[in-house]
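Hi everyone, thanks for coming. I'd like to walk you through one protein chain today, so let's put it up on the screen.

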Amino acid sequence: MNSCRGLTLFYRSVQWSNCIPFVGTSRCWDPRCQTFLKLLQANFCSLTIKNSTLNKVHQPQLSAILSVQRNYASKKSAKKKTNVQVNLTGLGELIEVEEMVQRMEGAVQTMKTEFVKSLSLRSAGSIESMKVRFEGKEYELQQVAKMTRKGQQTIVLDMLSFPQMTKTVVDTLKTSSLNLNPQQEGTTIYVPIPKVTKEHREILAKKAKALFITCRDSIKQTQEKNIKELRNSDVSDSERQSAYKQVIAIADKYVAQSEEIMKGKQDELLGKS
């Protein structure tokens, strides 16, 4: 008996009415029921039988039952990040680790310096610590000027002790990020302190984000430079891959550090701290 004839006889010997009780009920999820229904689907779909009630009416319903079951398949759990063990001594045999770390730390330090220089809110304290460059040397404003208050919103700078620096101080105040408009009368400088608005705070917070991105990109450039050196190193693939992961882990640490500093500065600027 050929296979086609055998399948046909099998089909005719099984009545669809025997399957109906399992359709649309909780019993169809029994493993034995599923095996039976899948067997029907696998064999009957390949048969071309005239006036086949199963293929015309019940086959779509059977397929729907099986497809619904697949929707409940368990999802693969997300991959968890594993901690990379950094061996600076071993890594130092392949690349200049000390130089790499210095560059990354330097990027973070540059960002912090720019924060102090460019992101100060307008206040007496920020003006006192302002740096003034004169004849190749740098001074804090409070070192060269006597500072007093006139009302709540005006600071008076007396430059009598260093009159030659008066114009330099005025120029420094005008070009600072504090958006000041100082007025000079002889050796006296009047500095109105505008009220700090929400818009000004938000602008400074955006500048903080931009400075962080510059820092992050600098760290990533250092990372890529050292990975490129590793590609040309004469070591096994496993050692090279391990070194890659260590370099990336070190870079990620400095990126995370700079991002934390940035968020802290933003909170300070926006008055959240």
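I'll begin with the overall fold, then turn to a pocket and finish with one helix.

Please keep in mind that this is a predicted model. The protein chain has 273 residues, and 32% of them are buried. Its secondary structure comes to 10 helices and six strands. If we take the contacts between residues at least 6 apart in sequence, 65% of them join residues at least 24 apart.

Now for the largest pocket, which holds about 520 Å³ of space. Seventeen residues line it, and the closest to its centre are Val116, Lys117, Ser129, Met130 and Lys131. Which elements give two or more residues to that lining? They are α5, at 97-118, β1, at 131-134, and α8, at 166-175. Of these, α5 gives the most, with four residues. Sorted by class, the lining has nine polar residues, four nonpolar and four charged.

And where does this pocket lie relative to the domains? Domain 1 covers 97-118 + 197-270 and domain 2 covers 122-192; both give residues to the lining, so the pocket lies between them.

Let's finish with α8, since we have just met it at the pocket. Its buried residues are Thr166, Val169, Val170, Thr172 and Leu173. Looking down the axis of α8, you find those buried residues within an arc of 160°, so they line one face of the helix. Turn to the face pointing away from that buried side, and you meet the exposed residues Lys167 and Thr175.

That's my tour, and I'm happy to go back to any part of it.

Conventions. Residues numbered from 1 in each chain as written. Predicted model: local features only at pLDDT ≥ 70, side-chain atom pairs only at ≥ 80, totals over all residues. Heavy atoms only, no water. 1 Å grid on protein atoms, 1.4 Å probe; cavity = no way out; pocket = protein on both sides within 12 Å on 5 of 7 lines; lining within 4 Å. Points joined across faces, edges and corners; volume = space filled by probe spheres on them. Nonpolar A, V, L, I, M, F, W, Y, C, P; charged D, E, K, R; others polar. Domains from an automatic or database assignment. Buried < 20%, exposed > 50% of the residue type's maximum accessible area, 1.4 Å probe, protein only. Arc of directions from axis to C-beta. Contact = heavy atoms within 4.5 Å.
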